[in-house]
Amino acid sequence: MRKAEDSGQRTIETRLSCLELFPLLDELLGYFSSLRHRLYRDLIVNNLPLNDLKSSYLSSYGLTARHFNSLSKDVSARSKANEELLKLNLKKYESHILIVKNQCVDLRKKIKKNESLIKSIETYRSKVASWKLKKSCGNRILKRPAMPSSIFKLHKQNLLDEISRLYGQIHQKKRRLNNLTIKRDRLKARTISKLCFGSGKLFRAQFNLTANSFEDHQEWLNVFRLARSSSMTFVGSSDETCGNQTIQYSMADKALKMRLPNAKGFESKTLHMRDIVFPDFLKAEFAKALSHPGEHGKQNQKTALPITYRLIRRYNSSNKEKSYYLQASFKVAAAEIITHMNSGVVGVDINYDHLAITETDRFGNYLKSFVLPFNLKGLDREQAQAIIGDVVAVVVESCARLQKPLAIEDLDFAAKKSELRAQPKFRRHFLSQFAHASFISHFQSKARALGVNILSINPAYTSLIGAYKYQGLNISSHEKAALAIARRAQCYNEGLKVFQGTLPSQVMMTEKTKFRECLRHVWGFYADNRKTIRRLFIDADRRPLLPIRRASSLAGRHSSLKQSYLVIREKREFKEPSRSLG
């Protein structure tokens, strides 16, 4: 068991309204962009020493040491990200190649099986022909040869057509295998230092201007240059005024001062902006980061925390307008942990269309449970993130109110999502909608802010254990899985003793007795009987989760839906819950 971690880094953003300074900001971003590309070539491609480059850039381009440090960290981060992306793509192609090879092997096995059936049919037909010949000669003692059960109701021509279709599939698989191999070899030959600033997608748009809504090449070139110089990050330090030497913001005066390069094109060394107001979200934490560290601060420390600023330009392709934003990033201290294991645990089973939440006491006994349904199908990233954030807030706030830690499964669907093509259709539909990683990040962030401890547990067989051990509880199989998750976080026994409740405990007694005769871990029982458990306790319990706006009318049959509806209405104060979670 390990704790889920969150770095605590938070970012707030405000829009700059000083239109008269936009030309100067364009020139500033363009200048830093050209230096970033030049530094990438010198530092990453040519692998020149960083210290030699620093002295050269400071004297040649009028930069401060902080300007160069920000550029070098930006360039190093892009190079590292490009290297990791290259590894992921290579791993993805290797996985796809292996999948296609296995598919070809399976198709050849099917062809071999069909050929064996055709041979059996021909053998049987020859026996029948021989029998008919002997019968025509007057030998009535011989019986008609019995047809093998393997070829019953099979026709040779149908099998031949099936073999022809399978050979066609193998041909297409070989073509795909060849294409994947070429892409993999091309990726292996590619150097890590190759990087397209402005995105390769936008760069390739110049070869098909009409399809990408560009009138001519000059329009594309302008947009591409804007994308290449769309942002610049300025790294801060707590031993500098206002936490950053390059950009200094005063919350009291709502004023911002930016240090400009001492280069041609910039008349003054500083740029002043007024009426810069950040939103109320995390405003108190931002003010605390800008404040003096006090007696507990280190020597020469001027602010409680370093502030990193990022200047961003966003271009609207529909109305051809530009807008500037300023982001401030800082670390927010984690709230004091208020949850205790001796009070119990709240277990959460994350599914693609709902969360199942179960609460236990300190002895691992079931107390109560409910379901929070949601629908992410057809939504863009921002809409899905908003819904996930609202649902997660309900769960974590409930844990904080109960003062119980939250138990979640340590799952990783990245590899499975990269192999969607090899999955069956229902599995592809499930995995494509399963935003598990997003749920985990939201749980970590919200729990850190409210002081809720998160326990990440091994997900092995939790659904099967919950369905089998707690078959007597009148709750859904997902709520039972959440109960198994909570009990595992409390390190309680997962033996084969069944919670009887209102149901008899005679189910699967033969399998249980047979398993107890061998010395194996209890998980072996669930591994051996997974199909039986799913057929008896999980598949029969599956039912569609209806939109939350109908939960109230179904309260008589599904009380958990009504409870989730009331929780969201009372705690989140939605005016129209169906718009967010229905």
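Which residue, with positive phi, follows H3? In this predicted model, that residue is Gly-138, with a phi near 100 degrees. Helix H3 itself covers residues 65-136 and comprises 72 residues. At 1.5 Å a residue, a span of 106 Å is expected for helix H3, and the C-alpha atoms at its ends lie 106 Å apart, so the expected and computed values agree.

The strands considered here form an open sheet of 4 members, arranged in the order S2-S8-S7-S3 with antiparallel pairing. Strand S2 (9-16) and strand S3 (231-234) are the edge strands, each of which pairs on one side only. On average, and with direction ignored, neighbouring strands of this sheet are turned by 20 degrees against each other. Within the sheet, strand S7 (residues 308-316) runs antiparallel to strand S8 (residues 321-331), and the two are joined by 9 bridges. In one of these pairings, Thr-308 has Ser-329 in S8 as its bridge partner.

The second largest pocket encloses about 570 Å³ of space. Its lining consists of 18 residues, and those nearest the pocket centre are Arg-10, Phe-281, Ser-445, Lys-446 and Ala-449. Two elements, helix H8 (381-402) and helix H11 (436-450), give two or more residues each to the lining of this pocket. Of the contributing elements, H11 gives the most, with 6 residues. Classified by residue type, the lining of the second largest pocket contains 9 nonpolar, 4 polar and 5 charged residues.

Conventions. Residues numbered from 1 in each chain as written. Predicted model: local features only at pLDDT ≥ 70, side-chain atom pairs only at ≥ 80, totals over all residues. Heavy atoms only, no water. Pairing = 2+ DSSP bridges. Axes fitted to C-alpha atoms, helices over the stretch in contact; angles between N-to-C directions. Expected span 1.5 Å × (residues − 1). 1 Å grid on protein atoms, 1.4 Å probe; cavity = no way out; pocket = protein on both sides within 12 Å on 5 of 7 lines; lining within 4 Å. Points joined across faces, edges and corners; volume = space filled by probe spheres on them. Nonpolar A, V, L, I, M, F, W, Y, C, P; charged D, E, K, R; others polar.
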